[in-house]
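This report describes one protein chain, from its overall make-up to its core, one residue in a helix, and a patch on the surface.

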Amino acid sequence: MDPQRVVNVNFNGRKIRNIVLAVVIAAAAALIALTSFYTVDEKESAVVTTFGRVTDVTGAGMHWKLPFGIQRVYLVEENVYQKIELGYRSTDFDGDYTVVEDESKMITGDYNIVNVDFFIEYKISDPEKYLFSSAEPEMVLKSLAQSQIRNVIGSATVDSVLTTGKSEIQMRVRELIAEELENYDIGLALTDVKIQDAEPPTAEVIEAFKNVETAKQGAETAINQAKAYENAQIPKAQAEADKLLQTAEYKKQSRINEAREQVARFEAMYGEYALNPDITRVRMYYEAIREAFPDTKIYIDATDGSSVQTLLPLESFVSVPSDTNGTSGTQASSTQGSSGTSGAAGTEGSSAGESTAEIPDEE
């Protein structure tokens with residue numbers, strides 16, 4: 001064998017081995033790089049296990065782990081709200097839905113059949129428990145929801161399920177499901193429970209309940225209108241009452257002031273009376289006569305009635321007759337009335353001895 005040829009073969013064999021080794025090392029490095037880093041989205045959480053045991057839970061970002069399957073990563077959508085539909089299945093395209101009667105048909109406490117659709121909303125609260133506490137946590141939640149819903153509907157009346165009791169039923173179902181989820185501890189948290197639809201199974205009954213609901217809405221509208229009218233009228237009535245109270249208070253104060261003025265006037269008059277009782281008595285008499293006969297003319301005779309004869313009233317002597325035929329009759333009547341009046345006045349003045357006489361006006 002040629003020595004030169006042997007040397008060339010040995011050299012080529014070493015070169016091939018080096019190339020293969022370099023390729024293996026590069027592949028191993030690439031594999032290590034690919035299996036040692038992982039990325040977590042902001043809506044996700046990563047559960048890291050080492051030889052099958054949970055060792056860490058990481059949040060959003062890029063993280064490092066041991067390669068070659070020593071550590072494994074499970075990504076869980078923790079901050080995403082998820083739903084369970086009971087009694088129907090909705091589509092994501094046209095907004096239509098499919099009825100699932102096996103889930104929606106229930107019996108009420110008063111032995112009536114109703115179809116009730118529920119919407120359950122939940123989210124993952126503990127990624128570790130969600131992954132390893134139950135094989136199918138969503139199915140556990142769905143079974144719990146169906147059980148508690150039928151329990152609550154079975155204790156309610158058909159009227160409350162179809163009309164006024166929906167809010168109370170939703171609240172009660174939510175409380176029961178949340179309590180059971182806490183006992184099961186499968187890493188899920190209930191966020192909302194809603195009744196999507198509730199109706200009786202036949203068209204006639206559906207129409208009857210719709211009419212009942214319409215009537216109740218009409219009653220609520222009438223009540224709201226009455227309350228609005230009440231709210232509008234009460235301030236008006238209060239304002240009117242305040243006005244009456246203020247008027248009464250003003251009149252009360254006016255009467256009090258008037259009474260005080262009369263008291264002050266009386267006290268002043270009494271003081272004058274105490275100083276000059278005769279003059280004050282005569283003045284008060286004249287004022288009383290004037291107030292008692294506001295439209296009557298008063299003649300005061302200051303004489304003693306012995307020397308001069310007084311004729312009252314004097315207007316008949318100076319009146320002008322309106323025609324010739326009635327002159328004598330008017331004068332005679334006036335004279336006769338005057339004589340009679342004068343005599344009466346003179347007699348009264350003489351017998352009484354007073355200096356005043358009250359004579360009514362004769363027309």
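In this predicted model, M284 lies in helix 8, which spans residues 277-292. M284 has a relative accessible area of 38%, so it counts as partly exposed, the class between under 20% for buried and over 50% for exposed. Together with F266, Y270 and Y273, M284 forms a nonpolar patch on the surface. The accessible area of these four residues together is about 440 Å². Helix 7, residues 203-275, provides the largest share of the patch, namely three residues.

The protein chain as a whole holds 10 helices and 11 strands. It has 363 residues, and 22% of them are buried. Its accessible surface is about 25,700 Å², and carbon and sulfur atoms account for 55% of that area. Among contacts with a separation of 6 or more, 68% join residues 24 or more positions apart.

The largest nonpolar core has 33 residues, and the members that touch the most others are V116, F118, I120, V161 and I169. Several elements give two or more residues to this core; they are tabulated here with their residue ranges.

| Element | Residues |
|---|---|
| strand 6 | residues 82-86 |
| strand 10 | residues 113-124 |
| helix 4 | residues 137-153 |
| helix 5 | residues 158-164 |
| helix 6 | residues 166-184 |
| strand 11 | residues 188-199 |

Which residues does V116 touch, not counting those up to four places away in sequence? They are L86, S104, M106, V161, I195, D197 and A198. One of these, V161, is also among the core members that touch the most others.

Helix 5 also holds T163. Is T163 buried or exposed? T163 is buried because its relative accessible area is 11%, and the cut-off for buried is under 20%. The side chain of T163 takes part in two kinds of pairing. With the backbone oxygen of D159, the distance is 2.3 Å. With the side chain of K216, there is a polar contact at 3.4 Å. K216 also appears among the contacts of T163 outside four places in sequence, alongside F209 and E213.

Notes
Residues are numbered from 1 along each chain as its sequence is written. This is a predicted model: local features need pLDDT of at least 70, side-chain atom pairs count only at pLDDT 80 or more; totals for chains, interfaces and linings use all residues. Side-chain values use heavy atoms; hydrogens and water are left out. Patches are made of residues with over 30% relative accessible area and no salt bridge: like charges are joined within 9 Å, nonpolar side chains (Val, Leu, Ile, Met, Phe, Trp, Tyr) within 5 Å. Accessible areas come from the Shrake-Rupley method with a 1.4 Å probe; for residues, only the protein chains shown count as cover. A salt bridge is a side-chain nitrogen of Lys or Arg within 4 Å of a carboxyl oxygen of Asp or Glu. Helices (H or I, at least four residues) and strands (E, at least two) are DSSP runs, numbered from the N terminus. Buried means under 20% relative accessible area, exposed over 50%, partly exposed in between (1.4 Å probe, protein chains only). A nonpolar core is a set of buried Ala, Val, Leu, Ile, Met, Phe, Trp, Tyr and Cys residues joined through side-chain atoms within 4.5 Å. Contact means heavy atoms within 4.5 Å. A polar contact is a pair of N or O atoms within 3.5 Å; within protein, one must be able to donate a hydrogen and the other to accept it, and residues adjacent in sequence count only if both atoms are side-chain atoms.
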